[in-house]
Each structure stands twice: as structure tokens, then as C-alpha cells.
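Colleague: Could you take me through one part of this model up close? I'd like to hear about the second largest cavity and what sits around it.

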Amino acid sequence: MQHWDSDERLLGELGAALTEAASVPASFLEAGRAAFAWRTIDEELLLLTSYDSILDTELAGRARAVLTARQLVFDADGFSLQVEVTEAGIAGQLMPPGRAVVALLTPGGHAEETTADEFGSFLLGPPPPGPIRLRCTVDGTTVQTDWICV
Amino acid sequence: MTHATPIAALVEAASAGDQRAWNEIVDRYTPLVLSVVYQHRLRPADAADVNQTLWLRLVEQIGRLRDPDALPGWIATTTRNECLRMLKLQQRTQPFDPQATDEQAVAVDQTDVEAELLAAERRQALRDGFRMLSDQCRELLAKLMADPPPSYADVSSQLDMPIGSIGPTRIRCLNKLRRTPAILAFTGAAPEGGVLGAALGQR
């Protein structure tokens, strides 16, 4: 199955592999290298995407036409962030509920900041294109979501 | 950090904050990312977003990888998932057409996707293996893989190598390639004995 026992095929496939690598646009490499600036040194809690409505096949099959808002849930130990994204903006809910500073970050830096009320609800404007993440500061503790394109 | 630094050492150094190690990882595996991205026929802006998202996610995860040798597989799978997400996102923003089959925008056969993902990982394994070869082997193989293939006489004069040793060196270098960790990890073959040895070893 591997076809790598034939010298001809191995050399041919190796050639194709190296050609593929030579044609990578520089902008893709630059974006990859620049991502390292986001390395977090301290142990900030990372909220991983645990639910994404666009990947929910059951939901898509049931009611595609009425899907207007994208829903996402990010989770970590004892902390959860639920957001709804529409063209109008991002509505979010922190669990457990409570006051917090919520920032929307882009790879270029800080895009927008708001505060969550005592019920943990917050609103942000329409998200910019490209990957974003949300960072919440609650009682001096910072948690942030993983990167996602909305 | 050189072109031949093992991936485990790069992952460890990058986890500890070494930007050069990270750059080497990016240089090595961006072709794999793009190969998977191109399979999904994304719009150029979406392709760039998936690439950026992949690397941002890896920055978060690199310190948590249990098996650094599994990095190419992680990259291929994560990229594929982000591409699927992007395709769904495109599909959602288009007006709903009841006449259209629902999965039209994601009309990529899953078996094809799996096969192409595997092919992309194969090419990555070949690049990783090639990196570990001696300068002499890499020079010779790079010459020989040219299209159209050069004559041994040309290769002989260009590399200052006796014409009679080109054939045997080619065989030796390709066998070395087959025995590099990257290729062995992919073929699942035993370190010694090649394909036949691996087949026998399974009994």
C-alpha cells in the first residue's frame, strides 16, 4: 500500500513532496511565526470549544433555514462561557454568573472590551474577520477561549 | 536549531519559549497545513484564516502535546477540522436554497478527504525523512528527481562524483530514507528488515 518499496515511486513522491513545500507563500509562514507572540507564560485557564452550532449536524438537518445565530460554548474546570454570534454582534453569558471584564482579541491585539453585569451577561460588537478569542477577567482570575473564526 | 533537529527537541524548545525552534516548526509543517487547506478548496482569505488559526491553536497546545512525534497528525487533523468549520460557515452565510442539496458546499466525499489527508501526511513524512539524510544524499536525490531526469553524465560533472557510483549511491540514499524515523513511523515497519521484515514480524 505504501508504494515506497519501488525506488522510482519513492523518488517521484519525494520530488512532489519537496515541490509542494517550495511553493508555500511567505505570508503563511509569517502568520505562523507571528502566532508565537501569543504564547502564555503563566498558567492561564484555557476554555476549549465544547459546542459549536455549525458543527452540530443534527441541528443543521432539523432547521437550517431558521439558523441565524451561531452558538458556541467554551468550557474549562468549573467555568463556562456561552456566546451567540450574529451580524449584530456577540452576546455572551458567563457561568458561574458574575461581574467580569471581557475583551475580544484578534491576532493583532486588543479589538474591543466590555463588562459583564452581575448576571454574567455581556454584549460585544460584530466580530472582525479572522480568528478571535475572548478573554475574561473575573475576581483577578483570567480565563480565555481558544482561537476561533466566527 | 538546524534542518535536522528532531521534532521532539523542537517541540520541547518551543514549549520553553524558543522562537527559533517555533519558526523551524512553522517552516517544516506549513506545507502540510496548506496541502490540507487546498484539498478543501477554500477562498484565499479563508485559507489564510485557517492557517493562522491552526498556528494560534498550536501555540496553546504545544506544551500539552503528550507525544511530539504525533505532531504532524495533530496538525493535519486540526487543519482539516478548521477547514470543515470554514466551509460550514460559508454555507451558512449563503442564502438558503431549498432546491439545492444541503451538503453541496461541502460536497467532498469523506473517503476522498481521508485518502487525501493520508497522502498529505505521507508527503510530510517524506520531507521529514529527507531532512535527516546526509548532505551528499540530499544533493544527489535533489538532482535526480528533476523533471525531466538529468543524465548520469550531467549529474556526475555537477556533483563531481564518479559516474559509476551514482546508481549505487542512489539506492543507498533511498534505503536510508526508508529507514529514517519519520518514514518508519509512517509505515509502521520494524527498524530493520524493510517491508518483508515488517510483514514477517506481524506473524
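**A strand, a cavity and an interface**

Modeller: Let's start with a strand in chain A, bearing in mind that this is a predicted model. Strand β7 of chain A, residues 121–124, has two faces: A:Phe122 and A:Leu124 are on the covered one, while A:Ser121 and A:Leu123 are on the uncovered one. β7(A) runs antiparallel to strand β4 of chain A (residues 89–95), and four bridges join the two. One residue to click on is A:Leu123 in β7(A), the bridge partner of A:Ala91.

Now to the cavity you asked about. The count comes to two cavities of 30 Å³ or more, and the second largest holds about 50 Å³ of space. Its lining is made up of A:Leu72, A:Phe74, A:Val83, A:Val85, A:Ile90, A:Ile132, A:Arg133, A:Leu134, A:Thr145, A:Ile148 and A:Val150. Three elements of chain A give two or more residues each to that lining: β2 (70–76), β3 (79–86) and β8 (131–138). The largest share, three residues, comes from β8(A). Sorted by class, the lining has nine nonpolar residues, one polar and one charged.

Since you have both chains on screen, have a look at where they meet, too. There, 55 residues of chain B are in contact with 51 residues of chain A. Between them the two chains bury about 5100 Å², with 63% of it on carbon and sulfur atoms. On the chain B side, B:Arg85, B:Arg92 and B:Arg122 lose the most area to chain A, together 14% of what that side buries.

Terms used. Residues numbered from 1 in each chain as written. Chains lettered and ligands numbered in written order. Predicted model: local features only at pLDDT ≥ 70, side-chain atom pairs only at ≥ 80, totals over all residues. Heavy atoms only, no water. 1 Å grid on protein atoms, 1.4 Å probe; cavity = no way out; pocket = protein on both sides within 12 Å on 5 of 7 lines; lining within 4 Å. Points joined across faces, edges and corners; volume = space filled by probe spheres on them. Nonpolar A, V, L, I, M, F, W, Y, C, P; charged D, E, K, R; others polar. Buried < 20%, exposed > 50% of the residue type's maximum accessible area, 1.4 Å probe, protein only. Pairing = 2+ DSSP bridges. Contact = heavy atoms within 4.5 Å. Buried area = accessible area lost by both parts, 1.4 Å probe.
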